[in-house]
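Thanks for coming. I will take a few minutes to walk through one structure, and you can follow along on the screen.

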Amino acid sequence: MRSLLRWETALVFLLVVVALGGQVSTDGAFLSGGNLFYLGLDIGEIALIALPLTLVIVAGEIDLSVASVLGLSSALIGWFWNAGWPLETILPVVIFIGALAGAVNGLLVTRLGLPSLAVTIGTLALYRGLALVVLGDTAVADFPAAYTAFGTTPVPGTNIPYPIALAALLAVLFGIALHASSFGRSVFAIGANEEGARFSGIRVKRIKLSLFVLAGAVAAIAGVVYTFRFSSARADNGLGLELAVVAAVLLGGVSIFGGKGSLFGVLAGVLLLGGLRNLLILQDTSTEVLTIVTGLLLLVSVLAPSITRRLATLRKATT
């Protein structure tokens with residue numbers, strides 16, 4: 001717990017450094033109201049998907065198919081809309097299909113005992129392929145302005161984008177579930193020692209399945225947000241977004257081995273990753289460099305806790 005608090009403190013310090021450095025290097029543009037609004041839009045889907053993925057990783061599993069579920073949900077929105085369905089019907093159906101996609105992952109992991117890394121790499125390709133089958137390489141963009149405004153306008157009276165407001169609401173719910181409920185304690189117990197959790201009476205398979213279902217449903221919601229933000233339903237929406245989401249979660253201090261992490265740290269990781277990407281965009285940095293930076297942050301988030309543990313072990317050995 002102490003090491004986690006130190007990591008979160010370091011993240012907050014880095015956030016301050018990035019904010020101040022960005023403000024100076026962009027002549028005050030970085031912390032302007034307009035740029036912060038667009039920063040919020042840019043990290044909206046990452047923040048949404050990071051919430052359930054935090055629980056999945058804390059439980060000792062991983063889901064790399066979330067961005068493909070986002071793309072599949074976007075493609076389905078376009079296909080259903082072209083078929084004449086009203087959006088009031090499309091949205092709950094798409095979220096249900098997203099939950100179903102998560103359930104497929106969960107059943108393969110919990111019932112067949114397959115490793116979640118291998119399963120979700122497979123469904124990453126499967127769901128993206130299904131999206132291409134559903135919509136092909138076309139784009140659907142004639143959605144009502146009342147819906148597309150959700151992805152591009154602030155909450156009335158504030159400068160907060162609707163996607164961030166939605167992510168904040170879900171963050172409260174997920175935070176309570178993870179840190180202030182018996183369900184959350186069970187998730188941590190599973191990640192720390194699955195066999196011990198099973199012997200203590202925790203329904204390990206049922207909880208893991210529910211986490212994958214949640215990840216699929218929230219990824220579908222992120223697909224709705226993404227579609228309305230760009231006013232375009234495409235099969236390749238969110239392509240590669242899983243890299244940024246996993247980087248943000250691990251950067252937030254969640255152990256890739258499970259059993260450790262906090263939602264506060266993950267939200268700080270999302271902000272730090274988003275802030276760095278936004279700062280690079282303001283500096284006219286290419287997309288390739290953004291990808292490199294995201295990959296480097298992912299490596300740092302995996303290596304740093306391991307190095308910290310080894311240094312702590314060495315200190316204890318020498319005392």
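I will go through charged pairs, a buried threonine, a loop lysine, a surface patch, the spaces inside, and one helix. Keep in mind that this is a predicted model.

Let me start with the charges. Side chains of opposite charge can pair when their charged atoms come close. In this model there are 6 salt bridges.

Take R229 and E45. Their side chains form a salt bridge, with N and O 3.0 Å apart. R229 belongs to helix α10, residues 204–230, and E45 to helix α2, residues 33–58, so this pair ties together parts that are 184 residues apart in sequence. Are R229 and E45 buried or exposed? Both of them are buried.

Next, E194 and K208, where the N to O distance in the salt bridge is 2.7 Å. Here too the pair links distant parts of the chain, with E194 in helix α9, residues 194–199, and K208 in helix α10, 14 residues apart. The two partners sit in unlike surroundings: K208 counts as buried because its relative accessibility is 5%, while E194, at 29%, counts as partly exposed.

This pair also belongs to a wider arrangement. Which residues are linked with E194 and K208 in a network of salt bridges? They are E61, E195 and R198.

One more pair, D236 and R234. Their closest N and O atoms are 2.9 Å apart, and they form a salt bridge. D236 has a relative accessible area of 35%, so it is partly exposed. R234 is partly exposed as well, at 29% relative accessibility.

Now to the threonine. T54 is a residue of helix α2. Its relative accessible area is 0%, and it is therefore buried. What does T54 touch, leaving aside residues up to four places away in sequence? The contacts are L178, V249, V254, L263 and V266.

V254 turns up again with the lysine I mentioned. K260 is placed in the loop between α11, residues 241–251, and α12. With a relative accessible area of 47%, K260 is partly exposed; the cut-off for exposed is over 50%. Again not counting residues up to four places away in sequence, K260 touches V58, F188, G253, V254 and S255. There is also a long jump in sequence here: K260 and A189 are 71 residues apart along the chain, and their C-alpha atoms are 9.6 Å apart in space.

On to the surface. V12, V16, L20 and F264 make a nonpolar surface patch of about 370 Å². Where does the largest share of the patch come from? It comes from helix α1, residues 2–25, which gives 3 residues. As for F264, that residue is in helix α12, residues 263–282. A general point about helices may help when you look at the patch. An α-helix has 3.6 residues a turn, so residues three or four places apart point the same way.

Next, the spaces. The second largest pocket holds about 430 Å³. It is lined by 21 residues, and those closest to its centre are Y226, L239, G240, L241 and R277. Which helices each supply at least two residues of that lining? They are α2, α10, α11 and α13, the last running over residues 287–318. Of the contributors, α13 gives the most, with 4 residues.

There is a closed space too. Searching the whole structure for cavities of 30 Å³ or more finds 1. The largest cavity has about 30 Å³ of space. Its lining consists of V56, A59, E61, K208, L211 and F212. Two of those names are familiar: E61 and K208 are also in the salt-bridge network. Helix α10 supplies the largest share of the cavity lining, 3 residues.

Last, helix α8, residues 182–192. Which residues of helix α8 are buried? They are G184, S186, V187, F188, I190 and G191. F188 came up earlier as a contact of K260. What covers the buried residues of α8 includes α2, α7 (residues 162–179), α9 and α10.

To recap two points: R229 and E45 join α10 to α2 by a salt bridge between buried residues, and α10 also gives the largest share of the cavity lining. That is all from me.

How values were computed: Residues numbered from 1 in each chain as written. Predicted model: local features only at pLDDT ≥ 70, side-chain atom pairs only at ≥ 80, totals over all residues. Heavy atoms only, no water. Salt bridge = Lys/Arg side-chain N within 4 Å of Asp/Glu carboxyl O. Buried < 20%, exposed > 50% of the residue type's maximum accessible area, 1.4 Å probe, protein only. Contact = heavy atoms within 4.5 Å. Patch = residues over 30% accessible without salt bridge, like charges linked within 9 Å, V, L, I, M, F, W, Y side chains within 5 Å. Areas by Shrake-Rupley, 256 points an atom, 1.4 Å probe, with all protein chains shown as cover. 1 Å grid on protein atoms, 1.4 Å probe; cavity = no way out; pocket = protein on both sides within 12 Å on 5 of 7 lines; lining within 4 Å. Points joined across faces, edges and corners; volume = space filled by probe spheres on them.
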